[in-house]
Amino acid sequence: MPQITLYTYFRSSCSARLRIALALKNLSYTAIPVNLLKDEQHSTSNTTLNPSATVPTLLIESDNNHTVKITQSLAALEYLDETFPDTASLLPPSSDPSARALVRTLSHIIACDVQPVTNLRILKRVAPLGVDRSAWSKELIEDGFRAYEAIAEKSAGRFSVGDEVTMADVCLIPAVWGAQRVGVELERYPTIDRVARNLEEVEAVKLGHWRNQEDTPEEFRV
């Protein structure tokens with residue numbers, strides 16, 4: 001097995017996607033914490049690896065000392081699916097391109113519409129304008145959840161698309177954790193609420209939860 005390293009932060013939803021996916025695929029990895037509140041993402045050691053000054057960064061070193069570096073979570077998720085095909089799949093089979101497109105659509109609602117405008121980098125920029133950071137995040141998450149709900153209510157089984165955990169769920173559940181912190185009422189999105197409750201029972205999700213990481217402060221641990 002290759003050596004896998006994940007640069008992560010306990011409350012980063014993008015990092016959580018990879019923590020959950022690696023657990024689903026039963027791939028062991030070394031976690032290296034990057035404290036966003038201490039601006040460690042802007043350190044030279046991090047920006048040398050990740051020019052975007054973000055987390056996560058996924059490193060996969062093979063036996064021939066070739067290292068693959070991926071600094072965007074969705075690209076990393078698809079790479080893991082393609083590279084470890086004998087483990088739990090995050091996308092439906094290639095024989096069902098419409099289902100694959102549906103999973104990607106739901107994933108992108110979270111990863112492209114919701115997360116970028118509610119992350120720490122943006123919140124720091126809007127705060128000096130007198131914007132309430134929690135209210136800002138809550139409204140934008142609700143916008144994204146309305147779109148997700150409208151699609152998932154037609155596709156969901158136990159999870160967002162059918163009865164197997166997919167990349168959509170791996171993106172959704174960290175967004176749900178963030179939504180809960182800013183007071184989003186999940187009951188307004190019954191499909192998301194039901195799927196999230198099912199996901200919380202999945203062992204890989206428990207392992208990837210922000211409360212259970214090496215860098216989680218003691219006061220936040222379960």
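**View 1. Helix 7 and helix 8 are roughly perpendicular to each other (65 to 115 degrees) in this predicted model.** The axes of helix 7 (residues 167-181) and helix 8 (residues 190-199) cross at roughly 100 degrees and come within 10 Å; axes are lines fitted to C-alpha atoms, for helices over the stretch in contact, with angles from 0 to 180 degrees between N-to-C directions. Helices (H or I, at least four residues) and strands (E, at least two) are DSSP runs numbered from the N terminus. Local features need pLDDT of at least 70, side-chain atom pairs count only at pLDDT 80 or more, and totals for chains, interfaces and linings use all residues. Residues are numbered from 1 along each chain as its sequence is written, and side-chain values use heavy atoms, without hydrogens and water.

**View 2. Residues at the contact of helix 7 with helix 8.** Helix 7 contributes Asp 169, Leu 172, Ile 173 and Val 176, while helix 8 contributes Ile 192, Val 195, Ala 196 and Leu 199 (contact: heavy atoms within 4.5 Å).

**View 3. An open sheet of four strands with mixed pairing.** The strand order is 2-1-3-4, where pairing requires at least two DSSP bridges. Strand 2 and strand 4 (67-70) stand at the edges with a single partner strand each, so one side of each lacks a neighbour in the sheet. On average, neighbouring strands are turned by 15 degrees against each other, direction ignored. Strand 3 (residues 57-61) and strand 4 run antiparallel and are joined by four bridges; Leu 58 stands opposite Ile 70 in strand 4.

**View 4. Helix 1 packs on the sheet.** Helix 1 touches strand 1 (3-8) and strand 3. The direction of helix 1 makes about 150 degrees with that of strand 1.

Conventions: Angles under 35 degrees count as roughly parallel, over 145 as roughly antiparallel, 65 to 115 as roughly perpendicular and the rest as oblique.
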